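Me: Please take a close look at one part of this structure, a patch on the surface, and then set it beside the empty spaces in the model.

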Amino acid sequence: MRAKIIVIIVILAIGLLAFAPPNAEFMPEEKRFAYYTFPLLPPLLAIVLAIYTQQVLPALFAGIWIAALMVYGYNPLSATIETWNWIVSSITDSWNATILVFDFLIGAMVALLYASGSMHSIAEAIGKRVRSARTASIMTSLLGIIVFFDDYSNTIVVGNSMRPLTDKHRVSREFLSYIVDSTAAPVAGLMLVSTWIGYEVQQINGALDVLKDQFEQGVVPAIPDVSGYGLWLSAVPYHFYSILALILVFLIAATRRHFGSMLKAELRALTEGKVLRDDAQPLLPTESVLGEAPREKRAPHTVFIASIIGLIVVTLIGMWYTGATAIIVENELNVAWWEIGFIDALMNADAATALLWGSFTGFLIAFAGAMYSRVLSFRKSMEYTLKGMYLMVYANAILVLAWTIKTATESLGTADYVVKQAVSANVPALLVPLIIFLISMFISYTTGTSWGTFALVMPIAVPLAWRIALIQYNDISLAYTLSAASIGAVFGGGIYGDHVSPISDTTIMSSMFTASDHIDHVTTQMPYGTFAAGVSLILYLLFAAGLTNPLILLPIGLVLLVLGHRVLNKYYSRKTGLPEVLPDYQG
């Protein structure tokens, strides 16, 4: 308890010491205030309160209100009014509203699959081939790689599909949610075809436009002779965090060597059969709301499979359609939507709308399957539809406040403050990727958004790397290498924060669709994510020392990851008196 209080005091002290003076010149014009503000305090306060009190909603609300208090000159009445204005704006935003409805439909689909018994039928069918906790964990990790095209789709499919199986084999919900979270954004951010790549390339193109403007003004003597997509490809090997985070998932699943609070969670599940700790508050409280699953008459596992396939297929078609339509409208083309290439369309897709269509399709199939198998009547199916939507109320409330605190930090200029403070220092060229990685990690962690971090840091990172390489070394080849490494640092740092932050939407959704306690998910995952980030930091330090070839850096990173994992496992095991290697439970 004493250590926890000390950590809280230190974090809050950082938030108070990092203040912005009145009308700070480094702040954008629209974010200057005539009084002192503390841009880091609201997100840090929300994160600390959430972890300390185990109550996410009041913690997020407190952070939002404190931010509004600063924005409105410390007037409590105006701050309260603006807090609710921000919340309403978050709910009524088109993208956010679509995601909320999508969540309700997914909840209804899950409830029908659970109440009809189809969810347990699929677990039994797969369970005939999966006979141990290790195999169940590895299969979950592999499925996370297979569903690579979108991070939201990944959490839905993997979380709902594998939860009955991992429960049966005594894999803790904490570990399940870690696997799901670690194979969502890191996978989508690396894949050549995903809903992420279009946005990522767009941010790189924006940074290249900044460089072109600087070239025309005579600030830089040359500009990159490569497309945004080409730079994205060259940056993939420097995407250290995502690569190492994925490897770590399989390493832990295969060895069953844990450290930190995850070891206690996994030991509890193994020895006591409790996949959730006592008094846990899962974001998808399936059993408590829906009751016991049917044991005698169950819908076949094909209903579950058909619902998931319907969800995936319609979502992919929806992404193709919405992306192709956007291209046709923007370029005033006279062609049918299916004549536009799928990959081009995917880069311009409206993922939220596509997911909404997919979730409704999955729900309809689950509804029809429950009735056709005569397990549920129409009346009962409707009853469980509403109960399923109720499952998502708490999770959606957290999601709304997570979106709102992003709005609050934007209004306060939190991310701008961090970037301006860091960039104002004149650093050696080879240190730029390391600095960019640290900045991106911090911004993403405190704001809960990787995409927002990309948008803010990328236009600064690429021009900074390119220009400083030419100024200090006058070497075009090094400028390309430094730019690629800086792009990888932006993406890796942004995904780290998105991965471990309690106010990140993908972290919340991972807790949601694995039916895990959200704070338990955050506290057990953070040591693993931070370990992978720590190894990434070492690689960026080696880069700064002159070792810039990723074909050398990545193998070094792999060795450090394996050795570091073993050392941490042995250290924590000896410290707590718990076993180094957990027995492989045979379900």
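**Surface patch and internal spaces**

Reply: In this predicted model, Val-313 has a relative accessible area of 40%, so it is partly exposed, a class that runs between the 20% and 50% cut-offs. Val-313 sits in helix 16, which covers residues 301-331. On the surface, Val-313 joins Ile-305, Ile-309 and Ile-317 in a nonpolar patch. Together these four residues have about 310 Å² of accessible area.

Next, the spaces. Rolling a probe the size of a water molecule over the atoms shows where empty space is left. The largest pocket holds about 830 Å³. Its lining counts 31 residues, and those nearest the centre are Trp-95, Thr-449, Trp-451, Gly-452 and Asp-505. Two or more lining residues come from each of several helices, among them helix 4 (76-92), helix 5 (94-115), helix 20 (393-412) and helix 25 (505-513). Helix 23 gives the largest share, five residues. By class, the lining of the largest pocket has 13 nonpolar, 11 polar and seven charged residues.

There are also cavities. Across the whole structure, two of 30 Å³ or more are found. The largest cavity has a volume of about 40 Å³. Gln-54, Val-56, Gln-281 and Leu-283 line the largest cavity, along with Tyr-394, Asp-517, His-518 and Ile-519. In this lining, four residues are nonpolar, three are polar and one is charged.

Definitions and conventions
Residues are numbered from 1 along each chain as its sequence is written. This is a predicted model: local features need pLDDT of at least 70, side-chain atom pairs count only at pLDDT 80 or more; totals for chains, interfaces and linings use all residues. Side-chain values use heavy atoms; hydrogens and water are left out. Patches are made of residues with over 30% relative accessible area and no salt bridge: like charges are joined within 9 Å, nonpolar side chains (Val, Leu, Ile, Met, Phe, Trp, Tyr) within 5 Å. Accessible areas come from the Shrake-Rupley method with a 1.4 Å probe; for residues, only the protein chains shown count as cover. A salt bridge is a side-chain nitrogen of Lys or Arg within 4 Å of a carboxyl oxygen of Asp or Glu. Helices (H or I, at least four residues) and strands (E, at least two) are DSSP runs, numbered from the N terminus. Buried means under 20% relative accessible area, exposed over 50%, partly exposed in between (1.4 Å probe, protein chains only). On a 1 Å grid over the protein atoms alone, a cavity is a set of points where a 1.4 Å probe fits but cannot get out, and a pocket is an open set with protein on both sides within 12 Å along at least five of seven lines; lining residues have an atom within 4 Å of a point. Grid points are joined across faces, edges and corners, and a volume is the space filled by probe spheres set on the points. Ala, Val, Leu, Ile, Met, Phe, Trp, Tyr, Cys and Pro count as nonpolar, Asp, Glu, Lys and Arg as charged, and the others, Gly among them, as polar.
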